[in-house]
Amino acid sequence: MQGTEGWNGVVEGEVLAVQAPRRLVYTWESLGEKNEIEWKLEETAEGTTRLLLEQRNIQGEQAYQGARMGWEAMVRGLEGVAKALA
């Protein structure tokens with residue numbers, strides 16, 4: 001990504017687990033902080049799919065705020081995809 005003040009735009013990571021198509025776990029390392037991200041898809045009794053997302057090991061306020069804003073933007077994008085597929 002394009003860097004910003006206080007961040008060079010580089011994120012490194014490693015895939016830790018894949019259980020296709022239900023689960024993905026990987027690391028997200030930037031600014032000296034290494035987080036772990038886990039995505040899970042679960043089928044509901046109503047026949048829909050629930051997405052569970054967990055980001056672990058966030059330590060700094062800047063990292064927390066960046067993750068919060070980033071995930072909010074991603075969710076808005078997923079909502080648009082869901083509407084288009086409906």
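**A tour starting at Arg56**

Select Arg56 to begin: its relative accessibility of 23% places Arg56 in the partly exposed class, a term that covers the range between buried (under 20% relative accessible area) and exposed (over 50%), computed with a 1.4 Å probe and the protein chains only. The model is a predicted one, in which local features need pLDDT of at least 70 and side-chain atom pairs count only at pLDDT 80 or more, while totals for chains, interfaces and linings use all residues. Residues are numbered from 1 along each chain as its sequence is written, and side-chain values use heavy atoms, with hydrogens and water left out.

Keep Arg56 on screen and add Glu36, with which Arg56 forms a salt bridge whose closest N and O atoms are 2.6 Å apart. This pair links distant parts of the chain, since Arg56 belongs to strand β4 (residues 49–56) and Glu36 to strand β3 (residues 33–43), 20 residues apart. A salt bridge here is a side-chain nitrogen of Lys or Arg within 4 Å of a carboxyl oxygen of Asp or Glu. Glu36, like its partner, counts as partly exposed, at 23% relative accessibility.

Next add Glu38, whose side chain meets that of Arg56 in a salt bridge of 3.0 Å, N to O. This pair also links distant parts of the chain, Arg56 in strand β4 and Glu38 in strand β3, 18 residues apart. Glu38 counts as buried because its relative accessibility is 9%.

To see the wider arrangement, select Arg23, Lys40 and Glu54 as well, which together with Glu36, Glu38 and Arg56 are linked in a network of salt bridges. Then move to Glu42, which forms a salt bridge with Arg50 at 3.8 Å between the closest N and O atoms. Both ends of that bridge are partly exposed, Glu42 at 32% relative accessibility and Arg50 at 42%. The count of salt bridges comes to seven.

Now colour by secondary structure, which comes to one helix and four strands, arranged along the sequence as β-β-β-β-α. Helices (H or I, at least four residues) and strands (E, at least two) are DSSP runs numbered from the N terminus. Zoom out to see the C-alpha trace, which spans about 45 × 25 × 20 Å along its principal axes; of the 86 residues in the chain, 15% are buried.

For the largest pocket, select Trp7, Trp28, Ala63, Gly66 and Ala67, which lie nearest its centre among the 19 residues of the lining. Its volume is about 650 Å³. A pocket is an open set of points on a 1 Å grid where a 1.4 Å probe fits, with protein on both sides within 12 Å along at least five of seven lines, and lining residues have an atom within 4 Å of a point. Strands β2 (23–30) and β3 and helix α1 (61–85) each supply at least two lining residues, and α1 gives the most, with seven.

Finish at Val15, in strand β1 (residues 15–19), which is exposed because its relative accessible area is 54%. Add Val18 and Leu24, which with Val15 make a nonpolar surface patch of about 250 Å². Such a patch joins nonpolar side chains within 5 Å, from residues with over 30% relative accessible area and no salt bridge, whereas like charges are joined within 9 Å.

Conventions. Areas by Shrake-Rupley, 256 points an atom, 1.4 Å probe, with all protein chains shown as cover. Points joined across faces, edges and corners; volume = space filled by probe spheres on them.
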